[in-house]
Amino acid sequence: MAAVQSHVSEAQPTNLDRVVEQVGYAARFGVQLMVLPEYFASPNWRIDATEAKRLAKINGELLRTFGKLCKSEGCAILVPNVDEEGGKLYPTSFVIGPTADILMSYRKVHLFPDERAWGTAGSEYPVAETPFGRIGVMMGYDGMFREAARCLGANGADVILWPARLQDGKERTLLAVPRAADNRCAVILANRVDAPFGGGSMVALPAQFSVWDIDVATPYYTDMHKVVLEIVEIASARQKQMMANVDMFAKRQPSTYGALVKPHGLKSAAAG
């Protein structure tokens, strides 16, 4: 499985055909499941309403193009884009399978400030059974909220696909690795190279890293068209034992977690 660090760029320059070519190369190399960066079909990491509408108009074309590639190479690809329904625009990721079918779609729940001006948020964290394991998705800003990954883990995800445009270099260490460790699943982070913190795409494994210095375990690559891959053992992602007889999901106490679903608002002890 791999993060394909490739997106349309005027600076490189890179067009959509070049991105498709890079994905095809990775598939022929033997990668079975790939993740593209957030809004990979746009040359801009920030998306305004005009660009969001343009991306929505080409969504069908993108899905058909990558569907043909998936079918010819027997692979699966996450295509993060914008979908329009009922006059509303949704930041949406599509997982296309080896028969060119859409195995699942996910509408982004946590919208970044630039998306709130035009986008409509989703409200669910679906997990799909695929030939490559049980797959869940979080997009961009979703990764800042551990509840998103936890819901995917609780819903049975073996692998979480995370197309992103990172704002800070510490997000690799403080977000990607803990999301994998907390849920004993793989996290595939595909980041844009033109984001405030560009590059650094990676695959965090369910068994954690043998070397906890993340820049040693998975180097920080800034290259456009970089394919960062790992062998992901699905059996490892389904082993949820933190230690003997301590299953990180079976031993939860959901009845005590009510504070997680209440609106934010802390009361001081003095105020009662």
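# Contacts, sheets and helices

Colleague: Which residues does Ala3 touch, not counting residues up to four places away in sequence?

Modeller: This is a predicted model, in which local features need pLDDT of at least 70 and side-chain atom pairs count only at pLDDT 80 or more, while totals for chains, interfaces and linings use all residues. Residues are numbered from 1 along each chain as its sequence is written, and side-chain values use heavy atoms, with hydrogens and water left out. Touching means contact, that is, heavy atoms within 4.5 Å. Leaving out residues up to four places away in sequence, Ala3 touches Val35, Ile188, Leu189, Ala190, Ser201, Met202, Val203, Lys226, Val227 and Val228.

Colleague: Is Ala3 buried or exposed?

Modeller: Ala3 is part of strand β1, where a strand is a DSSP run of E with at least two residues, a helix is a run of H or I with at least four, and both are numbered from the N terminus. Buried means under 20% relative accessible area, exposed over 50%, and partly exposed in between, with a 1.4 Å probe and protein chains only. Because its relative accessibility is 0%, Ala3 counts as buried.

Colleague: How far apart are the C-alpha atoms of Ala3 and Gly200?

Modeller: Along the chain, Ala3 and Gly200 are 197 residues apart. Between their C-alpha atoms the separation is 9.9 Å.

Colleague: In what order do the strands of the six-strand open sheet stand?

Modeller: Strands of a sheet pair through backbone hydrogen bonds, either parallel or antiparallel. Two strands count as paired if DSSP finds at least two bridges between them. The pairing in this open sheet of six strands is mixed, and the order is β5-β4-β3-β2-β1-β11.

Colleague: Which strands stand at the edges of that sheet?

Modeller: Each edge strand has a single partner strand, so one side of it is left without a neighbour in the sheet. The strands in this position are β5 and β11 (226–229).

Colleague: Which residue in β2 stands opposite Ala2?

Modeller: β1 and β2 pair in the parallel sense, with two bridges between them. Opposite Ala2 in β2 stands Met34.

Colleague: In what order do the strands of the five-strand open sheet stand, and what is its average twist from one strand to the next?

Modeller: This second open sheet also has mixed pairing, and its order is β6-β7-β8-β9-β10. Axes are lines fitted to C-alpha atoms, for helices over the stretch in contact, and angles run from 0 to 180 degrees between N-to-C directions. From one strand to the next, the twist averages 25 degrees.

Colleague: How many of the residues of β9 are buried?

Modeller: Ala186, Ile188 and Ala190 point one way from β9, whereas Val187, Leu189 and Asn191 point the other way. All of these residues are buried. β9 is thus described as mostly covered, and the count of its buried residues is six of six.

Colleague: Which residue in β10 is the bridge partner of Ile188?

Modeller: β9 (residues 186–191) and β10 run antiparallel and are joined by three bridges. On the β8 side, β9 pairs in the parallel sense over six bridges, with Ile160 opposite Val187. The bridge partner of Ile188 in β10 is Val203.

Colleague: At about what angle does helix α6 run to β10?

Modeller: Helix α6 (residues 170–183) lies across β8 (159–164), β9 and β10. Its angle to β10 is about 40 degrees.

Colleague: How are the axes of α1 and α3 placed: roughly parallel or roughly antiparallel?

Modeller: Two packed helices are described by the angle between their axes and the distance between the axes. For α1 and α3 (residues 59–73) the angle is about 20 degrees and the axes are 10 Å apart. Angles under 35 degrees count as roughly parallel, over 145 as roughly antiparallel, 65 to 115 as roughly perpendicular and the rest as oblique. Therefore α1 and α3 are roughly parallel.

Colleague: Which residues in α3 meet those of α1?

Modeller: From α1, the contact involves Leu16, Val20, Val23, Gly24, Ala27 and Arg28. Their counterparts in α3 are Leu62, Thr65, Phe66, Leu69 and Glu73.

Colleague: Which residue does a cis peptide bond join to Gln12?

Modeller: Omega of this bond is about -15 degrees. The residue concerned is in the loop between β1 (2–5) and α1 (16–29). Its name is Pro13.

Colleague: What is the phi of Tyr39?

Modeller: Tyr39 is in the loop between β2 (33–35) and α2 (49–57) and is buried, with a relative accessible area of 0%. Its phi is positive, in a residue other than glycine, and is near 50 degrees.
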